Amino acid sequence: MSFQFLVDSVKQQQQISLFRQRTVISEQFDNQIIIDGKSYLNFSSNDYLGLNNHPDINNALKEGANRFGTCASASSLITGYNYAHQALEETVCEWLNKPRCLLFSSGFAANTGVIQALAKNNIKFCLDKLSHASLIDSVIHDKNLFKRFAHNNYQQLDDLLEKHQDLDQIIVSEGVFSMDGDRADIVKLNQLAKKYQAKTYIDDAHAIGVIGNEGQGSSFYHLNDITMATFGKAVATNGAFITCDEEMFHYLINFSRHYIYSTAMSPAIAWATIKSIELIKKEHWRREKITELSQIFSANLDDKVKLLPTTSSIHAIVIGDAGKTLITANKLKSKGIWLTPIRPPTVAKQSSRLRVTINSNHKEKDIIYLAQCINEAII
Ligand SMILES: Cc1ncc(COP(=O)(O)O)c(C=O)c1O
């Protein structure tokens with residue numbers, strides 16, 4: 001039978017506890033989700049600042065739809081770039097203190113679109129070992145294009161950069177690592193870039209909104225050559241942006257195929273995103289709440305529960321075996337806690353984990369309850 005691989009591959013995933021399927025969320029309010037008529041406390045959401053469904057953002061979305069439409073109806077270089085996009089780009093530039101911004105329909109598209117456009121030019125990318133799938137997928141087709149350095153190992157990165165200094169090099173890392181929750185040393189990365197006349201490309205998907213005095217992510221610590229961030233997490237809308245300088249901006253508009261050949265992001269969403277950024281900048285209490293709740297969480301965990309060190313919303317508890325992680329997540333589910341187990345290939349083999357996200361709309365009592373349930377579930 002042809003296409004037998006469809007059935008065989010899925011069966012194999014099931015046998016090794018790596019089968020994935022979707023879950024229908026029928027309702028969602030604050031940090032509660034309803035699945036099959038049952039309510040759960042959601043600790044797997046990337047709505048870090050609790051802004052999803054904020055009335056001001058929803059109103060801006062309606063206003064944006066009425067003024068500019070729900071759809072851009074064309075790619076940016078045809079007639080899809082309108083006032084809402086321009087205003088959002090300017091808002092981001094001012095927020096991150098960079099001259100230029102480009103919008104993409106998703107973070108995945110932005111990473112692929114930028115890196116593939118740059119990859120044509122005999123460039124060497126130096127990627128942190130824990131880089132997101134979208135970064136890896138952008139270079140993986142050509143093994144001469146990239147090198148990987150051990151996670152946050154700047155000596156190894158220095159050695160790599162030294163070895164290839166005859167080439168244009170780009171250091172690729174993340175402001176906050178998606179599955180571990182720790183951070184790259186942005187100042188160090190930019191120092192190394194300067195030393196070797198390289199450039200920095202920082203994926204701030206999990207840092208934007210959460211890190212920095214106004215939520216400007218890793219750009220609070222040092223201006224990167226290129227920063228990418230999605231609007232689909234703390235910003236609570238959709239799409240993504242990159243910031244860069246003038247030269248890079250014109251290059252990408254001319255050579256990034258994802259940018260050129262894709263419909264521009266929804267202008268209504270762009271308008272709503274401006275409102276979200278306004279709230280992110282001024283509502284400091286949201287970031288402070290994450291810190292406060294995170295401290296309560298770790299203080300209430302038993303010593304046997306090993307949390308990876310973090311100063312973000314992401315708290316990883318590595319269990320190891322995928323099957324054991326599934327069982328633990330199911331035990332928590334029976335207590336009304338939703339924690340989607342994270343398994344390979346999202347993380348390395350034998351490092352399956354519970355990835356707890358603490359958001360500013362969680363309540364102290366929920367965090368204490370979560371810690372108690374985890375203490376009981378982990379043996
Ligand atoms: C580190 C990182 N980069 C990029 C992306 C992709 O962003 P988007 O969801 O907007 O495609 C994600 C999303 O999961 C991510 O975690």
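1. The structure holds 1 cavity of 30 Å³ or more. Note that this is a predicted model, and the values below are computed from it. The volume of the largest cavity comes to about 120 Å³.

2. Which residues lie closest to the centre of the largest cavity? They are Leu-103, Phe-104, Ser-105, Tyr-259 and Ala-264, out of 14 residues that line the cavity. Three elements each give two or more residues to this lining: helix H4 (83-96), strand S4 (100-104) and helix H10 (257-260).

3. By residue type, the lining of the largest cavity divides into 7 nonpolar, 6 polar and 1 charged.

4. Apart from the cavity, the second largest pocket deserves a point. The space in the second largest pocket is about 270 Å³. It is lined by 15 residues, and those closest to its centre are Thr-291, Ser-294, Thr-310, Thr-311 and Ser-312.

5. Which helix gives the largest share of the lining of the second largest pocket? Helix H12 (residues 285-299) does, with 6 residues. The lining of this pocket holds 9 polar residues, 4 nonpolar and 2 charged.

6. Where do the lining residues of the second largest pocket come from, in terms of domains? Domain 1 (16-49 + 284-377) and domain 2 (55-282) each supply at least three of them. When viewing the model, locate helix H12 (residues 285-299), then look for the lining residues that domain 2 (55-282) supplies.

Terms used:
Residues numbered from 1 in each chain as written. Predicted model: local features only at pLDDT ≥ 70, side-chain atom pairs only at ≥ 80, totals over all residues. Heavy atoms only, no water. 1 Å grid on protein atoms, 1.4 Å probe; cavity = no way out; pocket = protein on both sides within 12 Å on 5 of 7 lines; lining within 4 Å. Points joined across faces, edges and corners; volume = space filled by probe spheres on them. Helix = DSSP H or I, 4+ residues; strand = E, 2+ residues; numbered from the N terminus. Nonpolar A, V, L, I, M, F, W, Y, C, P; charged D, E, K, R; others polar. Domains from an automatic or database assignment.
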